[in-house]
Amino acid sequence: MKHKVIFVAFAAILAASCDKLGSGGSDDSIGGSTDIAINTVGNTFSNSVSAGGRLYNGTIRISSISSDGIATVNFTAAIPTTFPILSNIKSKYKDNSGNLSCQGKFKMTDEGILDYNNIDHKPFVLVKYDGKVGDKYTLKKSDGETIVREVVRKSDDDDFYWNGMIIKTIDVEQSSNIPGVSSIMYFCNHRFGIVTVRVYMEDGTQPQMSLVPSSY
């Protein structure tokens with residue numbers, strides 16, 4: 001059950017992001033082809049979640065891809081009643097049985113990733129693989145505030161341990177308006193997509209989820 005607790009916590013952050021983000025700004029496009037192995041219906045992403053010194057596992061799945069290459073990614077799990085932080089998950093993110101049932105939409109190409117997980121479903125750059133340290137992507141919110149993603153590191157050599165190998169990553173830090181969360185870091189790779197998501201909590205903890213696609 002505990003692996004579901006941690007998985008749901010990450011999915012709850014995704015759901016919270018859907019409520020906190022606003023309409024898309026100018027950083028809303030990437031180039032490249034969506035005809036890549038990672039971007040296929042049925043592709044699953046096993047995840048290993050590290051939290052509190054323990055490791056937990058789960059799965060995520062691409063359920064559909066639109067004609068313009070936008071993938072719908074399904075997150076599902078039981079919601080434990082003994083985990084207080086999960087008691088505020090909105091009903092729209094639950095199925096008729098009260099289980100977590102939410103979706104994320106992403107456009108994955110050989111040049112980067114867009115996500116559409118904001119209240120107006122506008123595209124917002126998550127990463128451009130040819131990006132440089134200091135590049136920023138901005139999303140304007142409906143209330144006039146902004147969410148900023150910034151490239152804070154890019155590997156020159158293979159130096160990031162992932163899935164039994166050492167790979168290059170481009171690391172994008174996202175500011176947060178989510179209570180209890182200071183920032184979110186996305187570690188991305190041009191072949192494997194998002195390989196790790198690390199959440200910097202205000203209490204100093206840093207839970208993270210490592211994602212491994214079944215097809216890449």
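Here is a short back-and-forth about a predicted protein model, its strands and its charged side chains.

Student: Before we dig in, what are the ground rules for this model?
Tutor: It is a predicted model, where local features need pLDDT of at least 70, side-chain atom pairs count only at pLDDT 80 or more, and totals for chains, interfaces and linings use all residues. Residues are numbered from 1 along each chain as its sequence is written, and side-chain values use heavy atoms, with hydrogens and water left out.

Student: How many helices and strands does the secondary structure come to?
Tutor: Helices (H or I, at least four residues) and strands (E, at least two) are DSSP runs, numbered from the N terminus. On that basis the protein comes to one helix and 14 strands.

Student: What percentage of the residues is buried?
Tutor: Buried means under 20% relative accessible area, exposed means over 50%, and partly exposed is in between, using a 1.4 Å probe and protein chains only. The protein has 216 residues, and the buried share of them is 47%.

Student: Which strands pair with β11?
Tutor: Two strands pair if DSSP finds at least two bridges between them. Strand β8 (residues 146-154) runs antiparallel to β11 (residues 170-175) over five bridges, with Arg149 partnering Gln174. Strand β12 (residues 181-189) is also antiparallel to β11, over six bridges, and there Val172 stands opposite Tyr186. So by the two-bridge rule, the partners include β8 and β12.

Student: In the β11-β12 hairpin, which turn residue has a positive phi?
Tutor: The hairpin has five residues between its two strands. A phi of about 90° turns up in that stretch, and its owner is Gly180.

Student: How many salt bridges does a search of the whole structure find?
Tutor: A salt bridge here is a side-chain nitrogen of Lys or Arg within 4 Å of a carboxyl oxygen of Asp or Glu. Searching the whole structure with that cut-off gives a count of four.

Student: Which residue meets Arg149 in a salt bridge, and is that partner buried or exposed?
Tutor: The N to O distance for this pair is 2.7 Å, and the partner is Asp115. Arg149 sits in β8 and Asp115 in β5 (residues 112-115), so the pair ties together parts that are 34 residues apart in sequence. Arg149 has a relative accessible area of 2% and is buried. Asp115, also at 2%, is buried.

Student: Which residues are linked with Arg153 in a network of salt bridges?
Tutor: Arg153, partly exposed at 32% relative accessibility, comes within 2.5 Å of Asp159, closest N to O. Arg153 also meets Asp171 at 3.4 Å; Arg153 is in β8 and Asp171 in β11, so this pair ties together parts that are 18 residues apart in sequence. As for burial, Asp159 is partly exposed at 39%, while Asp171 is buried at 3%. The residues linked with Arg153 are Asp159 and Asp171.

Student: Arg198 is buried yet has no salt bridge, so what is the nearest side chain of opposite charge?
Tutor: For charge, Lys and Arg count as positive and Asp and Glu as negative, with His and the chain ends not counted. Arg198, in strand β13 (residues 193-201), has its nearest opposite charge 7.4 Å away, and that is Asp171.

Student: Then which side chains make polar contacts with the side chain of Arg198?
Tutor: A polar contact is a pair of N or O atoms within 3.5 Å; within protein, one must be able to donate a hydrogen and the other to accept it, and residues adjacent in sequence count only if both atoms are side-chain atoms. One contact is 3.4 Å and another is 2.7 Å. Respectively, they involve Tyr200 and Gln208.

Student: Which backbone nitrogens lie by the side chain of Asn189?
Tutor: Asn189 lies in β12 and counts as buried at 4% relative accessibility. A polar atom of its side chain is 2.8 Å from one backbone nitrogen and 3.1 Å from another. These belong to Arg191 and Phe192.

Student: Last one: how far apart in space are Ser182 and Met201?
Tutor: Ser182, in β12, is partly exposed at 40%. Ser182 touches Met201, among others, where contact means heavy atoms within 4.5 Å. The two are 19 residues apart in sequence, and C-alpha to C-alpha the distance is 5.4 Å.

Conventions. Lists of a residue's contacts leave out its neighbours within four places in sequence.
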